[in-house]
Amino acid sequence: MVSVRPNPAEAAPAPPAPAEGARPHAKPWPRYERAALGLRNYWYPALPSSQVRGKPVGFTILGEELVLVRRDGQVYCLEGRCRHRGVPLAAGRFQFPCTISCAYHGWTYDLASGELVAALTDGPESSIVGKVRLRTYPAQERQGIIWVFVGDDAPPPLEADVPPEFLDPESTVAVRVKEFPGNWRLAIEGSLDPSHAFFLHRFAWMNAFSRMPAARTYYEPETIDERYVGYKGNRPLPEAEYPRVGRWPPRLWWRRFGRTGSTKVIGWLPGAARVEGNLGSQATVYSWYVPVDKDNYRWFQILWTRSRGLGRVGFWLKYYGWWYWLYQRQFLGQDAGINGLMHPYYAEQDGWARERLYRPDVVITHWRKFVDQYARGIQEK
Amino acid sequence: MVSVRPNPAEAAPAPPAPAEGARPHAKPWPRYERAALGLRNYWYPALPSSQVRGKPVGFTILGEELVLVRRDGQVYCLEGRCRHRGVPLAAGRFQFPCTISCAYHGWTYDLASGELVAALTDGPESSIVGKVRLRTYPAQERQGIIWVFVGDDAPPPLEADVPPEFLDPESTVAVRVKEFPGNWRLAIEGSLDPSHAFFLHRFAWMNAFSRMPAARTYYEPETIDERYVGYKGNRPLPEAEYPRVGRWPPRLWWRRFGRTGSTKVIGWLPGAARVEGNLGSQATVYSWYVPVDKDNYRWFQILWTRSRGLGRVGFWLKYYGWWYWLYQRQFLGQDAGINGLMHPYYAEQDGWARERLYRPDVVITHWRKFVDQYARGIQEK
Amino acid sequence: MVSVRPNPAEAAPAPPAPAEGARPHAKPWPRYERAALGLRNYWYPALPSSQVRGKPVGFTILGEELVLVRRDGQVYCLEGRCRHRGVPLAAGRFQFPCTISCAYHGWTYDLASGELVAALTDGPESSIVGKVRLRTYPAQERQGIIWVFVGDDAPPPLEADVPPEFLDPESTVAVRVKEFPGNWRLAIEGSLDPSHAFFLHRFAWMNAFSRMPAARTYYEPETIDERYVGYKGNRPLPEAEYPRVGRWPPRLWWRRFGRTGSTKVIGWLPGAARVEGNLGSQATVYSWYVPVDKDNYRWFQILWTRSRGLGRVGFWLKYYGWWYWLYQRQFLGQDAGINGLMHPYYAEQDGWARERLYRPDVVITHWRKFVDQYARGIQEK
């Protein structure tokens, strides 16, 4: 396993003394505040394998336009526009094995190296050949997903950026990918947020008949192995007498089923989370929140199981009969909706300075400091 | 009745000497030119009562996001986003009488005071309680409309900002509310504009069979009681011989009905007008042009009558059979259309400096100076 | 014929020495780089005649809003907004011969001179009359197209800005006009571009059964009569062995028809091109790329023939049965698609500096220098 350490040149062990004239709110996560476009030097899930078939596919990640190509079973990722006149290579054509030709004038790039190997319309002795090279992005296909490394450093193995069990070839995954409005940081923070489940998801259909607890009064965030953040907490209060408003939550006769066990959430860089317990012991949920640009993220909602044989049949039956609708679309849709509603507050109304945090948000500030300290790089505009 | 005086700190009795380098067009209404977002410290119609029922309703006014809530018959208006993470309270839920709880984490605010009275998911001893307060906006419900005071001063009674007869509880009102593109100042100016009726509305269906006069050659604007602007004029010319183009308007055999009486228009702050005579003696028309933001306004088109008994039946028959279609939608729709067409000229093409005014516009410049002198406050960005 | 010389005040015979701090890429066509909104002091095709019938028509050209009016068979072009309050004259009404009246207050302008000849609602003695004048634009109707001169100089005859044979009254034209996203410079460059036909249009349906050559290795651009750019080239290679990728193009059994003759392309100011040979000897193709604003152009796609009698019947049969679909819509649609895809690269991603040109682009750089030297004027924002 590769150890993931902060980039010494970038990571600031102690927050710098505020400059004169600094905004009074300055928070101890300056790199995080700058990271609207995401973090560099990580493996990201780019697209589900099923979306990259016979034709080149353009997509945007961390504000960069790239193209994904599958040729002879191999997947390649390159800078998305031809260097000649900027035409997107997603409109390109395949004329030779292992090359792509720009749709406009047939500039032909080697898929593996990005090198311009022919300018077809300029004849075989074209002098531009060999003088131009597209940037290439390391890409691989695992668990039905195409992963791309966005950065400048030599890429670590994918295992360094993913919890190790996730890549187990014996496991089964159900992947739903959808782009949502909002900044990626709001999305990952919402995934780690330990207290919204007691309120926002109380009203999810999946929880309609569950006795939902009221609150939890103590959280202890933790950093695990310098790779993950998580938290522990005390036992939730089933109900409570609130001094200014009274007893809560109301006892409703149809809320009669206890929640099975508790959930365990961990988060890691560059912006992903694993939730155990939400779907019982039958499936673990992985989420990657991939920055498209500063105003949109692509959410990989992945249900993962080790079930085999009949258990696997049961997994897919539950997935299409139940989880896809009630969990991925409705339950997680509540989170996506909130992220979109919050976004203008943070993006246009100085929300990073104006927000008022409360006790459970220690988990979120722990995440912010964790990113600030360990992020390999910030994607600058 | 409350006397409405200019805010001494803001109102400049004499226009200041132009600074060196000032734009050469500088007009004697500098505060008016700055008031793209509207005027502060006034009562505004916010929404029709019928739009605020069981659920909280978010709306924007003078560029501010607010929320309106009806609970147990009482209407409340508050700042529209939770102070925690900025989620709109319009997505909130009711968990107790007289409170609203943010959809995300259940931060619970007292509707009357705006105070945070519980952070449900943080348990009954949450220390954030009592430390956060949403801004509240005085609100009341009169004549089927929810009125909100947007400002910093102590609010005067609603009667100070509305012609007194309008609130007569014996009267009947038909309210149509619709948002249109354009700045609110173009809309109220269009309502006071004394000459466009001779041309723009000549082609309204309501006037299809009316002999419309050609022009009026003299206007005398007036300030009434320091509260209203109005104007007098000479008798309109039924037709005239124009030196460079000839006789006008054409005599059309189907235009054979005289206009019944003349109309009387007054305007007042923060941007409203009353028209008598347009619908004969049977209904008076009130319009409020409420800034949503600098590019849109919400137009309250209100038909008002004192009729009782059978007269009231007649009012509603005429309203739904005739006035709603021919007056509110088509006739006033001509004004709304013009406002939208003019808006880019003023907002993007320096129209405030480039406009060329003519004799009837003395009524409009009178209004501009009136606002400049008396407006209680300007909504700054 | 009018000789078209550069405006001495604007044309810089030698590129200026780069200022300190100048962008290192500075190219020898600085005026061309500034000409995002187009060139001034030229005749442009404004709209097809068929679009200007009974009502005034507003349109935008070189970022200016204008209005076209047909009255009693005569076509007039004026500044598009009333000087009073900026209402578009496209919403205006006709009240007298040879005038247009603004929809709002009936300000009435003479169509020929632009002079305000009556302010109807201000009566026959209105003092504003004669003090206001709309800018007028010389306009004429030729070949089913309304032409407008956009500029400050006295306009030359239309013949100065159009190849002389085009206006032959004996000729027949089929005009398709459509607005596309993209800057006009990319569009005209694409029309002159000599090499894209070997690749982009290889995949046009019209060429599906043609043996398309691979490349051409030599181009010699030329300036003809100081009015046109064109180029000569060597004989295309039917196929070739490319050192790094192999033989190309593939020999496909269904590509068996030779291309009939070769094409000849010329371009001229302010951004138009003529293509001979694309449709055999039966029709010549003229294209004007008219800037709407910096992000859109209006493409006049014109098929032109001298055929008479039965030949003309044949022209229209081929046009509606074949050329309209396969040439104007699909073949030229490939160019329009590429222009739209390239546009963000040039408009937002510094493409003018980042582009990497290759040998055939000598024709394009020749065009850029030609424009830079001879353009009568640049449309500044």
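Let me begin with the interface, where chain B and chain A bury about 3100 Å² between them, 60% of it from carbon and sulfur atoms, buried area being the accessible area, for a 1.4 Å probe, that two parts lose on being put together, summed over both. Of the area that chain B buries against chain A, Arg85(B), Tyr104(B) and Thr121(B) supply 25%, more than any other three residues.

I should say that this is a predicted model, in which local features need pLDDT of at least 70 and side-chain atom pairs count only at pLDDT 80 or more, while totals for chains, interfaces and linings use all residues. Residues are numbered from 1 along each chain as its sequence is written, chains are lettered from A in the order in which they are written, and side-chain values use heavy atoms, with hydrogens and water left out.

In terms of contact, meaning heavy atoms within 4.5 Å, 34 residues of chain B meet 42 residues of chain A. There are four salt bridges between chain B and chain A, each a side-chain nitrogen of Lys or Arg within 4 Å of a carboxyl oxygen of Asp or Glu; one of them joins Glu115(B) to Arg244(A), with the closest N and O atoms 3.0 Å apart.

Turning to symmetry, chain B is superposed on chain A, with an RMSD of 0.1 Å, by a rotation of 120 degrees with 0.2 Å of shift along its axis, the fit being by least squares on the C-alpha atoms of residues with pLDDT of at least 70 in both. The two copies are therefore related as by a three-fold rotation axis. In chain B, the C-alpha nearest that axis belongs to Glu348(B), 13 Å from it.
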